Amino acid sequence: MAKKNVGQDTAFVPVEEQPYSVPENWRWACGDSIFLLPESKRPDGETFRYIDIDSIDNSFQCVREAKLIKTENAPSRAKRKIDTGDTIFSLVRPYLKNIAYIDESLSDCIASTGFYVCRPSEFLNSRYLYWLMISPYVVDGLNRFMKGDNSPSIKVNNIRNYKYPLPPLAEQQRIVDRIESLFAKLDEAKEKAQAALDSFESRQSAILDAAFSGKLTTRWRNSHSRENRWKQARFDEIAKICCNLVDPYEYQDFPHIAPDNIEKKTGRLLDYHTIEEDGVKSGKHLFHSGQILYSKIRPYLSKVITVDFDGLCSADMYPIEPLCNRYFLWYEMLSDRFLNQASCAGSRSVLPKINQKELSGLMVAVTDDADEQQEIVRILDNFFAREADARQQVESTLTAIETMKKAIFAKAFRGELGTNYPEEDACDFADASL
């Protein structure tokens, strides 16, 4: 049986130290007064089920799947005992919210010591504890204690010394019921919105495939009495890869474009700064309006844009001079046909990168009918514009859902959900240890 914590006389936080106001029949307590002490457990038997950071789905704060591991191959971190009703909280990069509730199906697992096991005492409803630990109040608050550069982490004492709002036990259950009821509706809406968002990529893939197989313009060719002039060509036959490294000191006011300034697989340019604002010191490629910028690192991310201004780009990118309609080439570089070739051609395993020779040798589908190229661009422009509008609406919906969840969390842990009964005495949990 887990060991109990310190006595009731140290449980509550003085008024002057409380983070914010709560109802009079609530209390504030530090974690070391309301969490049972974690226990260690060594794997035994031939195999065991293991939960590490990778096992967590941090989009839904749950265990995706426990890993079945031979005991003889047990990781050194496989030491943390967990049980039904526990909430595990990752000490590493807590902002990623690798947090999960342990139900009966996971109670026989062993967790990594990279987690702190929040085990509720008799003062806590286990589901109330779970919702509290994934709330912005707790996650954002604990993030302030992060230290380290490579794997910023918090310490066990940061969680145990943190202050937590405690309603009477009956109110904790009502808060859980209200949160789970409201979130169920929001999650249903979120699931539908996310499905719509995921479908954008498949629709984009389908229309680009039709465009660069010649199928998209079959009717156009027939109505304009045009021959099918599609062929396969090497990339360097329809584009020139430019290398023009310059000293950034002479271009302080120029835009600076890096791979991080390009959204993957959409061809959309994100916010960027000038060379001076980014404090650039090393050599960069000078690019010109009308060129295409392509990120050569991690080609599977498909980061490619067309630009209408001069600037400097990262040495990890290629400025490309199209020898055909530039938007035609840009759209083709966004297609799965191009992406699959580029991903396979990329050299190096640690940080995949496609070199100039490999890029030059990629095969692309092209028609030498300039009017057909322009027709494809027209169709794709209209399609992408409609999709961008639809995507923006869906993303706005998802943002609104997350905003509503934060508002529910804020109200829940301030006693503002309308579920609190002031006549319920706080001693219904305070007396539990007497």
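This is a short talk on one protein chain, going from its overall dimensions to three individual residues.

Before anything else, let me say that what you have in front of you is a predicted model, and every value I mention was computed from it.

I will start with the chain as a whole. The protein has 434 residues, and its radius of gyration comes to 28 Å, whereas a compact globule with that number of residues would have one near 22 Å. The box that the C-alpha atoms fill, taken along the principal axes, is roughly 90 × 50 × 45 Å, and I would ask you to keep those dimensions in mind as you turn the model. In secondary structure, we are dealing with 13 helices and 23 strands.

Turning to packing, 47% of the 434 residues are buried. If we take the contacts in the protein with a sequence separation of 6 or more, 76% of them are between residues 24 or more positions apart.

As for the surface, the protein exposes about 22,000 Å², and 48% of that area is supplied by carbon and sulfur atoms. Among the charged side chains there are 56 positive and 65 negative ones, and the centres of these two sets lie 3 Å apart.

Now to the individual residues, beginning with Ser205, which sits in helix 5, the helix that covers residues 169-211. How far apart in space are Ser205 and Arg337, which are 132 residues apart in sequence? From C-alpha to C-alpha, the distance between Ser205 and Arg337 is 9.2 Å. Ser205 has a relative accessible area of 22%, and because buried means under 20%, Ser205 is classed as partly exposed.

The other two residues are lysines, and I take them together on account of their backbone angles. Lys97 has a phi near 60°, which is a positive value in a residue other than glycine, and Lys265, likewise not a glycine, has a positive phi near 65°. Where are they found? Lys97 is in the loop that runs between strand 8, residues 87-90, and strand 9, residues 99-101, while Lys265 is in the loop between strand 16, residues 255-257, and strand 17, residues 273-274.

Are these lysines buried or exposed, or do they fall in between? Lys97 is partly exposed, at a relative accessible area of 24%, and Lys265, with a relative accessibility of 29%, also counts as partly exposed.

That is the end of my tour, and I am glad to go back to any of these residues in the model.

Notes
Residues are numbered from 1 along each chain as its sequence is written. This is a predicted model: local features need pLDDT of at least 70, side-chain atom pairs count only at pLDDT 80 or more; totals for chains, interfaces and linings use all residues. Side-chain values use heavy atoms; hydrogens and water are left out. Helices (H or I, at least four residues) and strands (E, at least two) are DSSP runs, numbered from the N terminus. Buried means under 20% relative accessible area, exposed over 50%, partly exposed in between (1.4 Å probe, protein chains only). The radius of gyration is taken over C-alpha atoms; the globule rule is 2.2 Å times the number of residues to the power 0.38. Contact means heavy atoms within 4.5 Å. Accessible areas come from the Shrake-Rupley method with a 1.4 Å probe; for residues, only the protein chains shown count as cover. Lys and Arg count as positive and Asp and Glu as negative; His and the chain ends are not counted. The place of a charge is taken as NZ of Lys, CZ of Arg, CG of Asp or CD of Glu.
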